[in-house]
Amino acid sequence: MPSRRADPVTVEVVELIGDVVARYHMEYEEAAARHQLTGAQAKVLTLLSLEPLPMRRIAQKLRCEPSNVTGIIDRLETRGLVERRPDPADRRVKLAAPTEEGAETAERLRESLDFAREPLAGLTSEERTALRDLLRRMLG
């Protein structure tokens, strides 16, 4: 019967991934707070800066209930960072989209996230590509 214990390298890799994730979340929350946003609001605004999305799709990306997304969008809309607009492909569906101020805020937020950018800058292009490919493979 094979051993169920992980080898030492696997244990270390899992711990390192956990450390990276924890540091990223910490920096993300701090960057969001500098823009008077919660972490969830910042994530939604960043998602929307890539493309307008229906609430259901935002919920899928964040792995949460659509009702949670509605509250987040309401607060972002109140601040003038997001607007709801009809989906041109299906006018029954509302898309959330960043306003000009929302897009600018998302860009400033993205620029303020140094944690991931700085360590990755120390890797060669080939190393970053290999890391990306390994992470994609791990995620299936």
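1. Helices here are DSSP runs of H or I with at least four residues, numbered from the N terminus. By that reckoning, Gln41 sits in helix 2, which covers residues 39–50. Keep in mind that this is a predicted model.

2. Have a look at Gln41 to begin with. Its relative accessibility is 8%, so Gln41 goes down as buried, the limit being under 20%. The Gln41 side chain comes to 2.9 Å from the backbone nitrogen of Thr38. Setting aside residues up to four places away in sequence, Gln41 also touches Gln36, Ile72, Arg75 and Leu76.

3. Gln36, one of those partners of Gln41, deserves a comment of its own. Gln36 belongs to the loop between helix 1 (8–34) and helix 2. Its phi is positive, about 55°, although Gln36 is not a glycine. Most residues other than glycine have a negative phi. As for accessibility, Gln36 has a relative accessible area of 58% and is therefore exposed, whereas Gln41 is buried.

4. On to the packing of helix 2 with helix 3 (residues 55–62). The angle is about 120° and the axes are 11 Å apart. Perpendicular or oblique? The two helices are oblique, because 65 to 115 degrees would be needed for roughly perpendicular. The crossing of helix 2 past helix 3 is right-handed. Helix 2 brings Lys43, Val44, Leu47 and Leu48 to the contact, and helix 3 brings Ile58, Lys61 and Leu62. By type, that contact has five nonpolar residues, two charged and no polar ones.

5. Next comes helix 3 against helix 4 (residues 66–78). Here the axes come within 8 Å, crossing at roughly 110°. Helix 3 is therefore roughly perpendicular to helix 4. On the helix 3 side the contact uses Met55, Arg56, Ile58 and Ala59; on the helix 4 side, Pro66, Val69 and Ile73. Six of these residues count as nonpolar and one as charged, with no polar residue. Note that Ile58 of helix 3 turns up in the contact with helix 2 and again in the one with helix 4.

6. Ala59 is worth a closer look. This helix 3 residue has 3% relative accessibility, so Ala59 counts as buried. Leaving out neighbours within four places in sequence, Ala59 contacts Cys64, Glu65, Pro66 and Val69. Pro66 and Val69 are helix 4 residues listed in the contact with helix 3. For a distance check, the C-alpha atoms of Ala59 and Leu109 are 21 Å apart in space, with their positions 50 residues apart in sequence.

7. Where does Arg63 lie? Arg63 is in the loop between helix 3 and helix 4. Like Gln36, whose phi is about 55°, Arg63 has a positive phi, near 55°, without being a glycine. Arg63 is exposed, because its relative accessible area is 77%. I'd inspect these two loop residues, Gln36 and Arg63, side by side.

8. Last, Arg128, which is part of helix 7 (residues 125–139). Buried, exposed or partly exposed? At 35% relative accessibility, Arg128 is partly exposed, because the class runs between 20% and 50%. Arg128 touches Leu120, Ala121 and Leu123, once residues up to four places away in sequence are set aside. Arg128 and Arg23 are 105 residues apart along the chain, and their C-alpha atoms are separated by 19 Å.

Notes
Residues are numbered from 1 along each chain as its sequence is written. This is a predicted model: local features need pLDDT of at least 70, side-chain atom pairs count only at pLDDT 80 or more; totals for chains, interfaces and linings use all residues. Side-chain values use heavy atoms; hydrogens and water are left out. Buried means under 20% relative accessible area, exposed over 50%, partly exposed in between (1.4 Å probe, protein chains only). A polar contact is a pair of N or O atoms within 3.5 Å; within protein, one must be able to donate a hydrogen and the other to accept it, and residues adjacent in sequence count only if both atoms are side-chain atoms. Contact means heavy atoms within 4.5 Å. Axes are lines fitted to C-alpha atoms, for helices over the stretch in contact, and angles run from 0 to 180 degrees between N-to-C directions. Angles under 35 degrees count as roughly parallel, over 145 as roughly antiparallel, 65 to 115 as roughly perpendicular and the rest as oblique. A crossing is left-handed if the near helix is turned anticlockwise from the far one by less than a right angle, and right-handed if clockwise. Ala, Val, Leu, Ile, Met, Phe, Trp, Tyr, Cys and Pro count as nonpolar, Asp, Glu, Lys and Arg as charged, and the others, Gly among them, as polar.
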